[in-house]
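This report describes selected local features of one protein chain. The sequence and the structure are shown first, and the findings follow under short headings.

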Amino acid sequence: MPDSQSSAAPRGRVRLARGASPWLLPTVATAAVSLVRARRSGRWAALAVPSTVLAAGMLWFFRDPEREITQGRVISPADGVVQSIMPWKDGRTRVAIFMSPLNVHVNRAPLAGTVTSVEHIPGGYVPAFNKESENNERVVWHFDTELGDIELVQIAGAVARRIVPYVPRGAKLEQGERIGLIRFGSRVDVYLPEGVETAVEVGQVTQAGVTRLDRG
């Protein structure tokens, strides 16, 4: 199921993320009304500045730029910084990517494949860089790929209060296709299969669809 806003679209083009409307529309509407009424009322003028700044911040946060998708076995699903790289007991390696409120928050498929499950798990809202965030609200994805089962976890943070999946179970995805949005600061974990060596290191900046996670 190719992304209708395909990764083949011209790089540099920016649109707004699906799922942004509940936050974006009221903010922009308030800014627009306050700017119009500010000409006749000092009270509205006082509101115009913060509401316009907030609306601009929301537009920046919910940006969704087009990307030229990198060729590689596993690519980053998220913009952010590699927070940890941890060997797992079953032989897999977990790569955790922390996304600050300044990052693009639309996540992408790390490999081409079929979505075999999308599970929402309720939980808390501890800051995503905190170890206790393992118990936060999250959405667990599984993809059937050429490397076998790939697990990806979207984790809500202290500000992020909603994860918005874009595709359902059974969807066939191209590598780098958009899979969902996490509103505000958060984290995305990818579990690399046994035998796949990581090409990133802790502290490295990643771009969704661009940064390659595997080596070789």
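## Residue E201 and its surroundings

In this predicted model, E201 is located in the loop between β12 and β13. The residue has a relative accessible area of 56% and is therefore exposed, the threshold for that class being over 50%.

Although E201 and V82 are separated by 119 residues in sequence, their C-alpha atoms are 6.7 Å apart in space. When neighbours within four places in sequence are left aside, E201 is in contact with V82 and I85.

## Strand pairing around β8

Strand β8 spans residues 148-156 and is mostly covered, with 7 of its 9 residues buried. Strand β7, residues 138-145, pairs with β8 in the antiparallel sense, and 8 bridges connect them. The two strands β7 and β8 form a hairpin, with 2 residues between them. Within this pairing, Q154 of β8 stands opposite V139.

Strand β8 also pairs with β12, again in the antiparallel sense, over 6 bridges. Here V153 has D189 in β12 as its bridge partner. D189 appears again below, as a member of a salt bridge.

## Aromatic pairs

How many aromatic pairs does a search of the whole structure find? The search returns 2 such pairs. One is formed by W88 and Y191, in an edge-to-face arrangement with 5.4 Å from centre to centre and 80° between the planes. This pair links distant parts of the chain, 103 residues apart: W88 belongs to the loop between β3 (80-87) and β4 (93-99), and Y191 to strand β12 (residues 186-192). W88 counts as partly exposed because its relative accessibility is 31%, whereas Y191, at 8%, counts as buried.

W141 and F143 also form a pair: their ring centres are 5.9 Å apart and their planes lie at 0°, so the arrangement is stacked. Both W141 and F143 are buried.

## R178 and the salt bridge to D64

The structure holds 11 salt bridges. In one of them, the side chains of D64 and R178 meet at 2.7 Å, N to O. The two residues are 114 residues apart and link distant parts of the chain, D64 being in strand β2 (residues 63-65) and R178 in strand β11. Is D64 buried or exposed? Its relative accessible area is 2%, so D64 is buried. R178 counts as buried as well, because its relative accessibility is 3%.

Strand β11, which contains R178, covers residues 178-182. The side chains of R178 and D64 are also joined by a polar contact of 2.7 Å. A further polar contact, of 3.2 Å, is made between the side chains of R178 and E66.

## Further salt bridges and a shared network

Which residue forms a salt bridge with D189? The partner is R94, and the closest N and O atoms are 4.0 Å apart. D189 is in strand β12 and R94 is in strand β4, so this salt bridge ties together parts that are 95 residues apart in sequence. D189 and R94 are both buried.

Another salt bridge joins E197 and R215, with 3.4 Å between the closest N and O atoms. The pair links distant parts of the chain, 18 residues apart: E197 lies in the loop between β12 and β13 (205-206), and R215 in the segment after β13. E197 counts as partly exposed because its relative accessibility is 49%, and R215, at 44%, also counts as partly exposed. Elsewhere, R15, D64, E66 and R178 are joined into one network by salt bridges that share partners.

## Recurring elements

Several of these features meet at strand β12. This strand pairs with β8 in the antiparallel sense and contains Y191, a member of the edge-to-face pair. D189 in β12 is the bridge partner of V153 and forms the salt bridge with R94. The loop between β12 and β13 holds E201 and also E197.

R178 is a second recurring residue: its side chain has polar contacts with D64 and with E66, and R178 belongs to the network of salt bridges that also includes R15.

How values were computed
Residues numbered from 1 in each chain as written. Predicted model: local features only at pLDDT ≥ 70, side-chain atom pairs only at ≥ 80, totals over all residues. Heavy atoms only, no water. Helix = DSSP H or I, 4+ residues; strand = E, 2+ residues; numbered from the N terminus. Polar contact = N/O pair within 3.5 Å; in protein donor to acceptor, adjacent residues only side chain to side chain. Phe/Tyr/Trp six-rings, centres within 6.5 Å; stacked < 30°, edge-to-face > 60°. Buried < 20%, exposed > 50% of the residue type's maximum accessible area, 1.4 Å probe, protein only. Contact = heavy atoms within 4.5 Å. Pairing = 2+ DSSP bridges.
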